Amino acid sequence: MALALAGTPIPTCSDFRYLGSLTQGNGEIDRDVTHRINAGWMKWRQVTGTTCDPRMPLKLKGKIYKSVIRPVLLYGSECLAVKKMDEKRLHAAEMRMLRWMCGVTRSEK
């Protein structure tokens, strides 16, 4: 059913951005999770000079990660019903950032 105002139909949208989170019309959050992961990587790129510097102490890198990157990556996720697949995608992005920061590859276990 389409809404109309004074006889003029009001267009509907499939997704809506509110306070930085993307709300989809079908109730899914996969596009919002993708947006959060991309935002986390953008913030990662801004601080990569510090986090990837081998001369920086690992403890300082961890503090930068916890205070700068992780909040961007997880913003709004506490209000959403996250599926296992979305949780795995966030975890994979987080682990990739941490491995890169520590200079460890996936083959080194």
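Helix 1 and helix 3 run roughly parallel to each other, packing at an angle of about 10 degrees with their axes 10 Å apart. Keep in mind as you look around that this is a predicted model. The points below start with that helix pair, then turn to helix 2, two residues of helix 3 and the cysteines.

**Helix 1 against helix 3**
- Helix 1 covers residues 30-51, and helix 3 covers residues 84-102.
- The angle of about 10 degrees falls in the range under 35 degrees that counts as roughly parallel.
- From helix 1, the contact is made by Asp30, Val33, Thr34, Ile37, Gly40, Trp41, Trp44 and Thr51.
- Helix 3 contributes Asp86, Arg89, Leu90, Ala93, Arg96, Met97, Trp100 and Met101.
- Sorted by class, this contact has nine nonpolar, three polar and four charged residues.

**Helix 2**
- Helix 2 spans residues 58-74 and bends by about 35 degrees at Tyr65.
- Tyr65 is also one of the buried residues of this helix, alongside Lys61, Ile64, Ile69 and Leu73.
- The cover over these buried residues includes helix 1 and helix 3.

**Glu94 and Ala92 in helix 3**
- Glu94 sits in helix 3 and counts as buried because its relative accessibility is 17%, with the cut-off for buried being under 20%.
- Leaving aside neighbours within four places in sequence, Glu94 is in contact with Tyr65, Arg70 and Leu73.
- Two of those partners, Tyr65 and Leu73, are listed among the buried residues of helix 2.
- Ala92 is in helix 3 as well, but is partly exposed, with a relative accessible area of 44%.
- The C-alpha atoms of Ala92 and Ile37 are separated by 9.8 Å, although the two residues are 55 apart along the chain.
- Ile37 is itself among the helix 1 residues that make the contact with helix 3.

**Cysteines**
- If you are wondering about disulfides, the count comes to zero.
- Why does Cys52 not form one with Cys102? The sulfur of Cys102 is the closest cysteine sulfur to that of Cys52, yet it lies 9.9 Å away, too far for a bond; a disulfide calls for sulfur atoms within 2.5 Å.
- Seen from the other side, the closest cysteine sulfur to that of Cys102 is in Cys52.
- Cys52 is partly exposed, with a relative accessible area of 30%.
- Cys102 is partly exposed too, at 42%.

Terms used:
Residues are numbered from 1 along each chain as its sequence is written. This is a predicted model: local features need pLDDT of at least 70, side-chain atom pairs count only at pLDDT 80 or more; totals for chains, interfaces and linings use all residues. Side-chain values use heavy atoms; hydrogens and water are left out. Helices (H or I, at least four residues) and strands (E, at least two) are DSSP runs, numbered from the N terminus. Buried means under 20% relative accessible area, exposed over 50%, partly exposed in between (1.4 Å probe, protein chains only). Contact means heavy atoms within 4.5 Å. Axes are lines fitted to C-alpha atoms, for helices over the stretch in contact, and angles run from 0 to 180 degrees between N-to-C directions. Angles under 35 degrees count as roughly parallel, over 145 as roughly antiparallel, 65 to 115 as roughly perpendicular and the rest as oblique. Ala, Val, Leu, Ile, Met, Phe, Trp, Tyr, Cys and Pro count as nonpolar, Asp, Glu, Lys and Arg as charged, and the others, Gly among them, as polar. The bend at a residue is the angle between axes fitted to the seven residues ending there and the seven starting there.
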